[in-house]
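Please open the model in a viewer and keep the sequence panel visible. The tour below proceeds by selection, from the whole chain to individual residues.

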Amino acid sequence: MYSEKVMDHFSNHRNVGEIPDADGVGTVGNAKCGDIMKMYLKVEDGVIVDVKFKTFGCGAAIATSSMATEMVKGKTLQEALQLTNKAVAEALDGLPPVKMHCSLLAEEAIHAAVEDYMKNHPEEVK
């Protein structure tokens, strides 16, 4: 049902936790399935230097959160805004169709954190 990469990111998730002095925070949720994701960003010179997540949800929600953080770390804010749920799912070697909404939540959480950063640091947004 799940790929080895999904199982790895679920069992050995990367970047879990909080960043107390985060520059951007995004929280999204899906009332239908009960998954909630919160992403924290630390940004220096327009580049995401640290990213952490806290996710309440199923294994696929945790795995997509973990993968999404890995995909945006070291990227510019603009590059992070290009992240798509399809890219997250592909990086995990696919998700079952009924779990694709988890990758969408991961995309939305990253985007929400970047947008929060941009709202709070308008002078740095180009």
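A residue is called buried when its relative accessible area is under 20%, exposed when that area is over 50%, and partly exposed in between. The model is predicted.

**First selection: glycine 29**

Select glycine 29, which lies in strand 1. Its relative accessible area is 48%, so glycine 29 counts as partly exposed. Next, add leucine 105 to the selection. Along the sequence glycine 29 and leucine 105 are 76 residues apart, yet their C-alpha atoms are separated by 7.0 Å. With residues up to four places away in sequence left out, glycine 29 touches Asp35, Ile36 and Leu105.

**The whole chain**

Return to the full view and colour by secondary structure. Five helices and three strands make up the secondary structure of the protein. Followed along the sequence, these elements give the pattern α-β-β-β-α-α-α-α.

How does the radius of gyration compare with that of a compact globule? A compact globule of 126 residues would have a value near 14 Å, and the protein has 14 Å, which agrees. Aligned with the principal axes, a box of roughly 45 × 25 × 20 Å is filled by the C-alpha atoms.

Of the 126 residues, 44% count as buried. Now switch to a surface representation. The protein exposes about 6400 Å², and carbon and sulfur atoms supply 53% of that area. Colouring by charge shows 13 positive and 19 negative side chains; the centres of these two sets lie 4 Å apart. A contact map adds a further view: among contacts between residues at least 6 apart in sequence, 62% join residues at least 24 apart.

**The largest nonpolar core**

Hide the surface and select Ile48 and Ile110. These two have the most contacts inside the largest nonpolar core, a set of 33 residues. The elements that give two or more residues to this core are strand 2 (35-44), strand 3 (47-56), helix 2 (59-72), helix 3 (77-81), helix 4 (85-91) and helix 5 (100-120). Which of these elements gives the most to the core? Helix 5 does, with nine residues.

Keep isoleucine 48 selected and display its surroundings. Not counting residues up to four places away in sequence, isoleucine 48 touches Leu41, Lys42, Val43, Val72, Lys73, Gly74, Lys75, Thr76, Leu77 and Ala80.

**Two residues with positive phi**

The next two selections concern the backbone. Most residues other than glycine have a negative phi.

Select asparagine 15, in the loop between helix 1 (4-11) and strand 1 (24-30). Its phi is near 65°, a positive value in a residue other than glycine. Is asparagine 15 buried or exposed? Its relative accessible area is 12%, and asparagine 15 is therefore buried.

Then move to aspartate 45, in the loop between strand 2 and strand 3. Aspartate 45 is not a glycine either, and its phi is positive, at about 55°. Aspartate 45 has 81% relative accessibility, so this residue counts as exposed.

**Methionine 71**

Select methionine 71 in helix 2. The relative accessible area is 24%, so methionine 71 is partly exposed. Leaving aside neighbours within four places in sequence, methionine 71 is in contact with Leu83, Ala87, Val88 and Ala91. For a distance check, pick glycine 46 as well: methionine 71 and glycine 46 are 25 residues apart in sequence and 16 Å apart in space, C-alpha to C-alpha.

**Two lysines**

Select lysine 99 in the loop between helix 4 and helix 5. Which class does a relative accessible area of 19% give lysine 99? The buried class ends at 20%, so lysine 99 counts as buried. Apart from neighbours within four places in sequence, lysine 99 is in contact with Tyr2, Cys58 and Ala60. Lysine 54 is 45 residues from lysine 99 along the chain, and 18 Å separates their C-alpha atoms.

The final selection is lysine 119, found in helix 5. With a relative accessible area of 61%, lysine 119 is exposed. Add glycine 24 to complete the tour: lysine 119 and glycine 24 are 95 residues apart in sequence, and their C-alpha atoms are 8.9 Å apart in space.

Methods
Residues are numbered from 1 along each chain as its sequence is written. This is a predicted model: local features need pLDDT of at least 70, side-chain atom pairs count only at pLDDT 80 or more; totals for chains, interfaces and linings use all residues. Side-chain values use heavy atoms; hydrogens and water are left out. Helices (H or I, at least four residues) and strands (E, at least two) are DSSP runs, numbered from the N terminus. The radius of gyration is taken over C-alpha atoms; the globule rule is 2.2 Å times the number of residues to the power 0.38. Buried means under 20% relative accessible area, exposed over 50%, partly exposed in between (1.4 Å probe, protein chains only). Contact means heavy atoms within 4.5 Å. Accessible areas come from the Shrake-Rupley method with a 1.4 Å probe; for residues, only the protein chains shown count as cover. Lys and Arg count as positive and Asp and Glu as negative; His and the chain ends are not counted. The place of a charge is taken as NZ of Lys, CZ of Arg, CG of Asp or CD of Glu. A nonpolar core is a set of buried Ala, Val, Leu, Ile, Met, Phe, Trp, Tyr and Cys residues joined through side-chain atoms within 4.5 Å.
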